[in-house]
Amino acid sequence: MTKPESEWTWKELTVGNVVLEPGNASQYRTGDWKTLKPVLNRELCIHCGLCYIFCPDMAYSLNAEGYFISDLYYCKGCGICAKECPTGAITMVVEEEK
Amino acid sequence: MGKRVGMEVSIAAAEAVKQANVDVISAYPITPQTHVVEHLSELVANGEMDAEFFCVESEHSALSVCVGSEATGARSFTCTSSQGLALMSEITYIASGLRLPIVMVISNRTLSAPLSIWNDHSDVMSIRDCGWIQLFTENGQEVYDHIFIAYRLAEDREVLLPVIVNMDGFILSHVIEPIELIEQEKIDRFLPPYQPLHRLHPDRPVTMGAFALPSIFAEAKKAQEVVLRSSLSQILQTWKAFGDMTGRYYKPVETYRTEDAETLLITMGSFGETASVAVDRMREEGRPVGLVKLRLWRPFPFDEFKKATLSANQLVVIDRAVSVGGPGGPVASEVKAALYGEEQRPRVYNFVAGISGRDVTPQDYVKMVDKAEIEIEEGNREGYEIYGVRE
């Protein structure tokens, strides 16, 4: 459905509230939960992809230049990437007011 | 006409599950449910029934397995009692919220403490608001019949709700009764294979059991409430279709000798048969007493109940569970709520009787009617007591 959830009536819900559209969790913005965001120091990055592998929200993806970048729309700021990074290329910094 | 055989009611229930072509059975043993699932495990082990039998480690898992199997489109069955039902109570709300048409037989037994294995309705009353269709049976034939009725009803596209068939533990579950078995061809016509609306399948992925924010939860509950309430018309249709097949027509509220009755006994479950004997005796003495039996507990049949009772002067409601600290037994509470909006309504006297399997004889019903009539005549508009307690 295209309209926001807060406008659905009870008659528009599917039986058992089954979600029929696969993968629609990607529409759910979890990025506004965070207080800390990961910042990558590209000079230290060895492109190992451990941040990408460990990220529990699959926020990381490979960009055209070969760096793994966290999508802040999804990143909850858990800091696992910074903890796992073998070269210390990722630091968690306080996210500024938007 | 089907074959009429003497059979323990639990075995008849298991035979009905077999005849209903159930795909998955998941259960954990607890008295007095055991004979049902023991017999099913034998049927599966002997190759007489083509189903998966899951021996799980608890009732919580028993119903959880049914939720999973039903979600894949497999017709699923479980059976429990008392503490077992209490342990699976968390999952009962999930099965109805997900609209999974599971059928469960409850061999009703008292909840501890004190520890008791005997019958009353305290187990099922603890999950009164779980969102399942809830039926009560009076004898073995009704138990057998209602397995088929329950599956057809549950799987109806307009319903898609789980169904509980209550049978009183020991009083029904462990007695041998004449059961008229229905021919398999008739069952197969009455109950075609389950066609799920949505199911878990890799070819067409869906999500079941997703999170709901406060912005949508109330809408989800309203949808569930509406479908449970409106399932009454499908319940009536299903009973009609079953009656046309077997000649046994069931109603949400059954009446017995209620014509011109001034006092009506109100019962649910196996109380009904004994109470009808008491009514016969009182009628022989010329007393205008009748009997109203509730077969359907959820959705509560408000209109049918009012139609059956509004012309009486007093109702003597016999409950089989205590609502500790509440206004009386759970059935009496519902009865009073049903009548509250009526200008002319019968007075309601409430007894809790037969808890933890204590026998309630025809003479006990007569005594309860005597007591209620005297109290009401003395001006007590309503009353509540646990019957037969030694002071």
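# Questions on a predicted two-chain model

Colleague: Which residues are buried in α9(B)?

Modeller: A residue is buried if 20 or more other C-beta atoms, placed from the backbone, lie within 10 Å of its own (exposed: 12 or fewer; partly exposed: in between). Helices (H or I, at least four residues) and strands (E, at least two) are DSSP runs, numbered from the N terminus. In α9(B) the buried residues are Phe271(B), Gly272(B), Thr274(B), Ala275(B), Ser276(B), Ala278(B), Val279(B) and Met282(B).

Colleague: What kind of model is this, and how are residues and chains labelled?

Modeller: The model is predicted: local features need pLDDT of at least 70 and side-chain atom pairs count only at pLDDT 80 or more, while totals for chains, interfaces and linings use all residues. Residues are numbered from 1 along each chain as its sequence is written, and in the order of writing ligands are numbered from 1 and chains lettered from A.

Colleague: What covers the buried residues of α9(B)?

Modeller: Contact here means that two C-beta atoms, placed from the backbone, lie within 7 Å. The cover of the buried residues of α9(B) includes, in chain B, β9 (253-256), β10 (263-268), β11 (289-294), β13 (314-319) and α12 (362-377).

Colleague: How far apart are the end C-alpha atoms of α9(B)?

Modeller: The expected span is 1.5 Å times one less than the number of residues. Helix α9(B) has 14 residues (271-284), so its span should be 20 Å. The distance between the end C-alpha atoms agrees: 20 Å.

Colleague: Which residue with a positive phi follows α9(B)?

Modeller: The phi in question is near 85°. The residue that follows α9(B) with this value is Gly286(B).

Colleague: Where is the cis peptide bond with omega about 0°?

Modeller: Most peptide bonds are trans. The second residue of this cis bond is in the loop between β2 (24-27) and α2 (34-45) of chain B. The bond joins Thr31(B) and Pro32(B).

Colleague: What is omega for the cis bond from Ser112(B) to Ala113(B)?

Modeller: Ala113(B) is in the loop between β5 (103-108) and α5 (122-125) of chain B. For the bond from Ser112(B) to Ala113(B), omega is near 5°.

Colleague: Is Ser82(B) buried or exposed?

Modeller: Ser82(B) is in helix α4 of chain B and, although not a glycine, has a positive phi of about 40°. It has 30 C-beta neighbours inside 10 Å, so Ser82(B) counts as buried.

Colleague: What is phi of Leu160(B)?

Modeller: Leu160(B) is in the loop between α6 (140-155) and β7 (163-168) of chain B. It is buried because 21 other C-beta atoms are within 10 Å. Its phi is positive in a residue other than glycine, near 50°.

Colleague: Which residues are in contact with Val331(B), leaving aside its neighbours within four places in sequence?

Modeller: Val331(B) is in helix α11 (residues 330-339) of chain B. With 26 C-beta neighbours inside 10 Å, it counts as buried. Its contacts beyond four places in sequence are Ile266(B), Met268(B), Leu294(B), Val317(B) and Asp319(B).

Colleague: How far apart in space are Val331(B) and Glu377(B)?

Modeller: In sequence, Val331(B) and Glu377(B) are 46 residues apart. In space, C-alpha to C-alpha, the distance is 23 Å.

Colleague: How many residues of chain A are in contact with chain B?

Modeller: On the chain B side, 18 residues take part in the contact. On the chain A side, the number is 13.
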